[in-house]
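Subject: The structure I promised you

Hi,

Here is the structure I said I would pass on, together with some notes to read beside it. Please open it first and keep it on screen while you go through the rest.

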Amino acid sequence: MAAKTYAMPTAVAEHARLSPASYQEKYAASIADPEAFWREEGKRINWFSPYSKVKETSYAPGNVNIRWFSDGTLNACYNCVDRHLPKRADKTAIIWEGDEVDVQKHVTFRELHEHVARFANGLKKLGVGKGDRVAIYMPMVPEAAYAMLACARIGAVHSVIFGGFSPNAIADRVNDCEAKVVITANEGRRGGKAVPLKPNVDKALSKGACPTVDHVVILKHTDTDYELEAPRDVWWHELIGDCDTDCSPEVMNAEDPLFILYTSGSTGKPKGVVHTTGGYMVYASMTHEYAFDIREDDVYWCAADVGWITGHSYIVYGPLANGTTTLMFEGVPTYPDVSRIGKVVDKHQVNILYTAPTAIRALMAKGTAAAKGSTRESLRILGSVGEPINPEAWEWYYNHIGNSQCPVIDTFWQTETGGILIAPFPAATDMKPGSAMLPFFGIKPKLVDNEGHPLEGATEGNLIIEDSWPGQARTLWGDHERFEQTYFSTYKNVYFTGDGARRDEDGHFWITGRVDDVLNVSGHRLGTAEIESALVAHEVVAEAAVVGYPHDLKGQGIYVYVTVVDGVNATDELRVELVKWVRSELSPIATPDFIQWAPGLPKTRSGKIMRRILRKIACNEHSNLGDTSTLADPSVVDSLIENRLNR
Ligand code: 6R9
């Protein structure tokens, strides 16, 4: 069946930088001569000394080496802040919306410059210099961005640790990169609750667990007092008390590391993904401009957390490099209730909203309540990121948040890719709910079978990227071998995303999810995302997760976890109905073998369902769940195990 297609809304298409023809032309040029293409595009960034070299990249086994613009020098902070001062000093750089409804702040580029430069001088006072690592464990406050930019200004490498991580996870990350300083706050606020950041850092650092840390800088964000441990701890405001606002940006080489960001891999130990300065800045700013068709007066809101790559590339570096007003939101979409997002959009006249399917589904579960109390008329473009967006969520987002007037830009990318790889760039293409559509300039997505043979035409396979792009990760901190092994060894001479994808008859890409989530049922390949999407399309299903489990006859059976919408009774009759539903919505080959009711699903703090755990529970391997330290709410797992045993 042909996918439903939506045209780019006329109001967007008429003014967008791209048209289908100009996209095709520019894409073709980027592929025909990447060297010439990026030599030109690299100029969007201010360089202290220009590059003569552009692309020096090799994916050769045993010699993976990725360098872009390697003889140029620049400073990322200068590009996000200083270069805007001549024309945009009084323009708002950051709008901060606090956790509580009536708390907000506007920071101009001039003020941003002052805050960042003073804090950079503060870090220098603590002995932080070029190449030193600094861990940032902060709530979603402007100071988190100041801290990142201050590190970039003095050439220190930041490693942002998501504010929801536990002490053990902090210690692992701090130790892996041997951070010298940890920047935190006394407390964060999320959904009306206090998040004990400073106590978590204390626990992480206790008993000499993090021997490289000399100092902890603490922002006083709430009124809660914690005792400081002298001489290790220092208040942010005291540190900068006597610092001036003059701090010249360090001259960095294009290939000097800008930051490390830890992400989970298939094995337990988190991977320290390393991004360098020049290529990352070019790619983050360019993709931001094109994916959201950014205009000078736009108010742009990416509702991610700075603890994730989306926050790095699309709250801080991309938008600020482009001189865009970027909104930082401390809270959650459901606090005080599901109308919050719409109300924030109206209050700050947001033009572009970029969020995740998991947030969209949380709002969708409450019907249309999320649309109450706001008009959202300022919106022009919607974005989605983090996981495949099921067509039902896409349509709900399109209709009830975007008033059927804003394109939904479904952006596929990864921590390792630095920026967006595949999306329906406005107005390069029509949209198909659930499809990420087309590659960005310079990106060559290909599908291969399990042996690495290229697959042509309309088909499904493993998603690889042939050749390099400037925003790509360069290595894993301290473990280049693992970098090669993880991304370049499954298939030779290409980058392996770890995702599966389908390419339809029009050449559009549909990400089907991590390859390890693809089921093979009676010889039929089925994406867990497809089955979930079918389930979520049923009105009583709030959320669903599907995993495979060994099945005597079929090879793999389909095990389904379902969270029902508030107020619905989870009965045996409903089980039967849902099985029937999936058969008719998708296919009899997708018939669920078992449906387990789940009051909640185990998710990482960024909202990704931890299928690894669900697979273990489905297989009755409860005693060996592996690393659960990144779970948002570990108690969910206990109740799932209990339900499983009592079934
Ligand atoms: C940016 C980010 C990366 C993984 C990726 C894929 C999934 C992200 C997606 C998507 C389908 C999209 N993913 N965006 N799948 N459609 N639009 O999320 O980075 O946290 O490293 O996750 O997320 O499976 O491989 P990261």
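The second largest cavity has a volume of about 40 Å³. A cavity here is a set of points, on a 1 Å grid over the protein atoms alone, where a 1.4 Å probe fits but cannot get out; lining residues have an atom within 4 Å of a point. Grid points are joined across faces, edges and corners, and the volume is the space filled by probe spheres set on them. Around this second largest cavity you will find Ala152, Gly155, Ala156, Met252, Pro257, Leu258 and Thr277. Five of these lining residues are nonpolar, two are polar and none is charged. For these classes, Ala, Val, Leu, Ile, Met, Phe, Trp, Tyr, Cys and Pro count as nonpolar, Asp, Glu, Lys and Arg as charged, and the others, Gly among them, as polar.

Before you go further, please note that this is a predicted model: local features need pLDDT of at least 70, side-chain atom pairs count only at pLDDT 80 or more, and totals for chains, interfaces and linings use all residues. Residues are numbered from 1 along each chain as its sequence is written, and side-chain values use heavy atoms, with hydrogens and water left out.

How many cavities of 30 Å³ or more are there? The count is two. The largest cavity holds about 50 Å³ of space, and its lining consists of Ile341, Leu353, Thr355, Ala359, Ile360, Leu363, Trp396, Tyr397 and Ile401. Strand β18 (352-355) and helices α14 (357-364) and α15 (391-401) each give at least two residues to that lining. Helices (H or I, at least four residues) and strands (E, at least two) are DSSP runs, numbered from the N terminus. By class, the lining of the largest cavity has eight nonpolar residues, one polar and no charged ones.

Next, a pocket, meaning an open set of grid points with protein on both sides within 12 Å along at least five of seven lines. The second largest pocket has about 230 Å³ of space. It has 14 lining residues, and Lys105, Glu143, Tyr146, Leu219 and Trp236 are the closest to its centre. Helices α6 (109-125), α7 (142-154) and α10 (236-240) each contribute at least two residues to the lining of this pocket. Its classes are seven nonpolar, two polar and five charged residues.

Now look at the ligand. Sixteen residues are near it (a heavy atom within 4 Å), and Asp410, Thr411, Thr415, Asp499 and Arg514 come nearest of the 16. Some polar contacts (pairs of N or O atoms within 3.5 Å; within protein, one must be able to donate a hydrogen and the other to accept it, and residues adjacent in sequence count only if both atoms are side-chain atoms) are worth finding on screen:

- A polar side-chain atom of Gln414 is 2.8 Å from a ligand oxygen atom.
- A polar side-chain atom of Lys608 is 3.2 Å from a ligand oxygen atom.
- A backbone N or O atom of Glu387 is 3.4 Å from a ligand nitrogen atom.

What about disulfides, pairs of cysteine sulfur atoms within 2.5 Å? The count comes to zero. Cys247 has no such bond because the closest cysteine sulfur, in Cys77, is 8.0 Å from its own, too far for a bond. Cys406 is in no disulfide either, as the nearest cysteine sulfur, that of Cys302, is 16 Å away. Both cysteines are buried (under 20% relative accessible area; exposed is over 50%, partly exposed in between, with a 1.4 Å probe and protein chains only): Cys247 is at 3% and Cys406 at 2%.

Three loop residues come next. Ser435 is in the loop between β21 (422-423) and β22 (438-439); it is buried, at 2% relative accessibility, and its side chain reaches the backbone oxygen of Phe509 at 2.7 Å. Asp467, in the loop between β25 (459-466) and β26 (475-476), is partly exposed at 27%. Asp467 lies 409 residues from Ser58 in sequence, yet their C-alpha atoms are 8.3 Å apart. Pro196 is in the loop between β10 (193-195) and α9 (197-205) and is partly exposed at 35%.

Last comes helix α19 (residues 611-618), where six of the eight residues are buried: Arg611, Ile613, Leu614, Lys616, Ile617 and Ala618. After α19 comes Asn620, with a positive phi near 65°.

Happy exploring!

Note on methods
Disulfide = S-S within 2.5 Å.
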